[in-house]
Amino acid sequence: MKRLGLWAIGIAALAVAGPIATHAGENEGRCTLATLNGQYLFNGTGTLFPPAFGVTSASTGTSAGFHIFNGDGTGTDFVAFSINGTVVVPSSSTPITYTLKPDCTGTYQVPGTPTLHFDIFVAVDGSALTVIEIDPGVALSWGPQPRVGSPQNAQ
């Protein structure tokens, strides 16, 4: 009887743990390019070190704007950027490309001179992301960046 009771408890424990383990796995590996879709606000301040952006001494970089992610690996950044309080990029739009792995990490880049490279970390539901620039000489990060517009009204 004692063995039968322990066996029944073991079966019951597996029956309860099985659905929990299955449910926990549902949230892993869910991101695709389509996870990022819509308009995301950002602003940030960081440090620039020579020769990044042509600075000759440690400088402060500040940016504000928004990304529009199209859900297909492409998008547009609308951004203004200043160095030490002087606007060096007035409000403008620039095409971007991005990647997103199933674990919700990825990259995005802004083509140009120079091309800017970022690592991104995305909420599983696409509601927000955080960003860190990975170019040498730049210590800039932004986040969290909330989604504020749906795909229908983002453009």
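Biologist: In which element of the protein is confidence lowest, and in which is confidence highest?
Modeller: This model is predicted, and each residue carries a confidence score, pLDDT. The protein averages a pLDDT of 80, and 77% of the residues score at least 70. Split by element, the lowest mean is 43, in α1, and the highest is 94, in β5.

Biologist: Over which residues does pLDDT stay under 50?
Modeller: Look at α1, which spans 2-26. Its mean is 43. Where pLDDT is low, the predicted coordinates should not be read in detail. The model has one contact beyond four places in sequence for the stretch under 50, residues 3-25.

Biologist: What pattern does the protein follow along the sequence?
Modeller: Start with the parts: one helix and nine strands. Read along the sequence, the pattern is α-β-β-β-β-β-β-β-β-β.

Biologist: What share of the contacts with a separation of 6 or more comes from residues 24 or more positions apart?
Modeller: One such spacing is seen at Gly73 and Thr97, which are 24 residues apart in sequence. In space their C-alpha atoms are 5.5 Å apart. Across the protein, residues 24 or more positions apart account for 44% of those contacts.

Biologist: Which residues does the disulfide join?
Modeller: The structure holds one disulfide. The cut-off is 2.5 Å between cysteine sulfur atoms. Here the S to S distance is 1.9 Å, and the pair is Cys31 and Cys104.

Biologist: How many residues apart are Cys31 and Cys104?
Modeller: Cys31 sits in the loop between α1 and β1 (37-48). Cys104 sits in the loop between β4 (86-100) and β5 (105-110). The pair links distant parts of the chain, 73 residues apart.

Biologist: Is the disulfide right-handed or left-handed?
Modeller: Check the torsion about the S-S bond of Cys31 and Cys104. The torsion is about 90°, so the disulfide is right-handed.

Biologist: Are Cys31 and Cys104 buried or exposed?
Modeller: Buried means under 20% relative accessible area. Cys31 has 4%. Cys104 has 7%. Because both values fall under the cut-off, each cysteine counts as buried.

Biologist: Which residues lie nearest the centre of the largest pocket?
Modeller: The largest pocket has a volume of about 430 Å³. Its lining has 24 residues: 15 nonpolar, seven polar and two charged. β2 (59-70), β3 (74-83), β4, β5, β6 (116-122) and β9 (141-149) each supply at least two of them. Nearest the centre lie Phe53, Val79, Val89, Val110 and Leu116.

Biologist: What is phi of Phe53 near?
Modeller: Phe53 is found in the loop between β1 and β2. With a relative accessible area of 32%, Phe53 is partly exposed. Its phi is positive, in a residue other than glycine, and is near 55°.

Biologist: Which residue in the loop between β3 and β4 has a positive phi?
Modeller: The residue is other than glycine. Its phi is near 50°. The residue in that loop is Asn84.

Biologist: Which two residues does a cis peptide bond join?
Modeller: Go to the loop between β1 and β2, where Pro51 is found. Omega is about 5° at this bond. The cis peptide bond joins Pro50 and Pro51.

Biologist: Is Ser63 buried or exposed?
Modeller: Ser63 is in strand β2. Leaving aside neighbours within four places in sequence, Ser63 is in contact with residues including Phe42, Val79 and Trp142. Its relative accessibility is 6%, so Ser63 counts as buried.

Biologist: How does Thr76 count by relative accessibility, buried or partly exposed?
Modeller: Thr76 is found in strand β3. Beyond four places in sequence, Thr76 touches residues including Phe66, Ile68 and Pro95. Buried means under 20%. At 24% relative accessibility, Thr76 counts as partly exposed.

Biologist: Which residues does Gly73 touch, not counting residues up to four places away in sequence?
Modeller: Gly73 is in the loop between β2 and β3. Gly73 is buried, with a relative accessible area of 8%. The residues touched are Leu33, Ile96, Thr97 and Tyr98.

Biologist: What percentage of the residues of the protein count as buried?
Modeller: Gly73 is one buried residue, at 8%. Ser63 is buried too, at 6%. Of the 155 residues of the protein, the buried share is 34%.

How values were computed: Residues numbered from 1 in each chain as written. Predicted model: local features only at pLDDT ≥ 70, side-chain atom pairs only at ≥ 80, totals over all residues. Heavy atoms only, no water. Helix = DSSP H or I, 4+ residues; strand = E, 2+ residues; numbered from the N terminus. Buried < 20%, exposed > 50% of the residue type's maximum accessible area, 1.4 Å probe, protein only. pLDDT = per-residue confidence, 0-100. Contact = heavy atoms within 4.5 Å. 1 Å grid on protein atoms, 1.4 Å probe; cavity = no way out; pocket = protein on both sides within 12 Å on 5 of 7 lines; lining within 4 Å. Points joined across faces, edges and corners; volume = space filled by probe spheres on them. Nonpolar A, V, L, I, M, F, W, Y, C, P; charged D, E, K, R; others polar.
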